[in-house]
Amino acid sequence: MNAFRLKSELYTIESKVKQDITNFYNHVMSANRDILFYEQTIHEKMMTYLLMMNKKEMSPQAFKEMLEMVMQGREEKWHMVRYYAENADSYSIFNVIVYMKRIWPQYKKLHRQFKRLRAKLIDDLGELKTLMECKAKPKKTKHTMQALERLHDLHFQALEALTIELSTIDFRKYLEYMFIGDATISKNEFLSLLTLDRSKRSQDIIRNLPERIDRDTFLDAVFVDKIEDEWNDTFGEMIFDSAMIAKDRDPELRKRMLDKIDEIFEGKLPMYKATYDEYLQPVKLERMKPKLRLVKK
C-alpha cells in the first residue's frame, strides 16, 4: 500500500472509529442515568414497603423516629416514602414487582444497544489491525509515520472505551423481598404477575401449584419449569440475568457453575477457550479437555 492510499484509508477509518467511540460513550452516559433512575425508584418503593410492614407493629412515636432516620438526607428524592408513611396504613410489595416488570423491556433494550455499540468498536479494531499490518510496506516517511501514530492512538482510544461496563440491576434480590421472613403469596397473586405459557405441560404444572407460593416454588416455576410464555418470560429472564451478573463478578461461583454444567452433561458438552490478540480479534480456539472421572465397577 502506497503512502497516498494509506493516508486516504486512515482518514476514512479515523472518522468512523471516532464517531463509533463518541456514540458508545454517549449511550453509556445516557443509559447509566436511566438505569440509576430505575434502581433508585425500585429502592424507594422497596423502602416504602419495608417501612409500612413495620408500621402496625410499632408505636406511632417509634415509627416516626424510624421514619426520620430513614429520611435523613433523602427529603428531596423520597417524596413517596414520606407520603405513604404519613398517610397510609399499608403498601403492597406488588407495587415494586409491577414497576420492575414495566421497566424490564427498557432496561434490556439499553443493554442490547450497549452490546451492539461495543461490537462495532471490536469490528473497528479489526479494521485497524488490517491497516496496521500494511505499515511495513509503504516507505517510512514523515507522513506515513504520523499516520501510523494516529492509528496507534485510535487503537488505544477504542480499547479504553471497551473497558467500560454498563450499570446493572440485580432484579432477583428485589423479587425475593416478596418472601422476606416466611412470607408467601397466593397462587392467584403469583399467576397474575405472569404472562403464562399455554402448553399442556405448563398448564399441568400450574394446576398442581400449591395455594400459597413460597420463594423456592416461585423460582422453580419461572426458572426451572418455565411456566411463562417463551416470548414474554420477564421473571425467568430477570433471574437468569442476575445469575449471569453474579457469575461475572465471582470467579468461585463461575467455577462452580462450569463444574455443575460439566457434571450434568458428563463431559459430553464441548467447551472452548478463545485467545484474543491486542485488537480483541480471535486468534485461537481450543477445545477444553473434559475432566477425568472415576468409573465405578
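**Close-up views of helix 2 and of selected salt bridges**

Arg 215 has a relative accessible area of 33%, so this residue ranks as partly exposed. The model shown in these views is a predicted one.

**View A. Arg 215 and Glu 176 are joined by a salt bridge.** The closest N and O atoms of Glu 176 and Arg 215 are 3.2 Å apart. This pair links distant parts of the chain, 39 residues apart. Glu 176 belongs to the loop between helix 6 (171-175) and strand 1 (185-186), whereas Arg 215 is in helix 9 (residues 215-224).

**View B. Glu 176 also forms a salt bridge with Arg 172.** Here the closest N and O atoms are 2.7 Å apart. Arg 172 has a relative accessibility of 28% and therefore counts as partly exposed. Glu 176 is likewise partly exposed, because its relative accessible area is 24%, a value that lies between the limits of 20% and 50%.

**View C. Helix 2 comprises residues 60-71.** At 1.5 Å a residue, the 12 residues of this helix should span 16 Å. The C-alpha atoms at its ends are 16 Å apart, so the expected span and the model agree.

**View D. Helix 2 has a buried side and a face turned away from that side.** Phe 63, Leu 67, Val 70 and Met 71 are the buried residues of helix 2. Because these residues cover an arc of only 90° around the axis, they are on the same side of the helix. The exposed residues Glu 65 and Met 69 are carried by the face turned away from the buried side. After helix 2 comes Gly 73, which has a positive phi, near 80°.

**View E. A salt bridge connects helix 2 with helix 3.** Side chains of opposite charge can pair when their charged atoms come close. In this view, the side chains of Glu 68 and Arg 82 meet at a distance of 2.7 Å, N to O. Glu 68 lies in helix 2 and Arg 82 in helix 3 (residues 79-87), so the salt bridge ties together parts that are 14 residues apart in sequence. Arg 82 counts as buried because its relative accessibility is 16%, which falls under the limit of 20%. Glu 68, with a relative accessible area of 36%, is partly exposed.

How values were computed: Residues numbered from 1 in each chain as written. Predicted model: local features only at pLDDT ≥ 70, side-chain atom pairs only at ≥ 80, totals over all residues. Heavy atoms only, no water. Helix = DSSP H or I, 4+ residues; strand = E, 2+ residues; numbered from the N terminus. Expected span 1.5 Å × (residues − 1). Buried < 20%, exposed > 50% of the residue type's maximum accessible area, 1.4 Å probe, protein only. Arc of directions from axis to C-beta. Salt bridge = Lys/Arg side-chain N within 4 Å of Asp/Glu carboxyl O.
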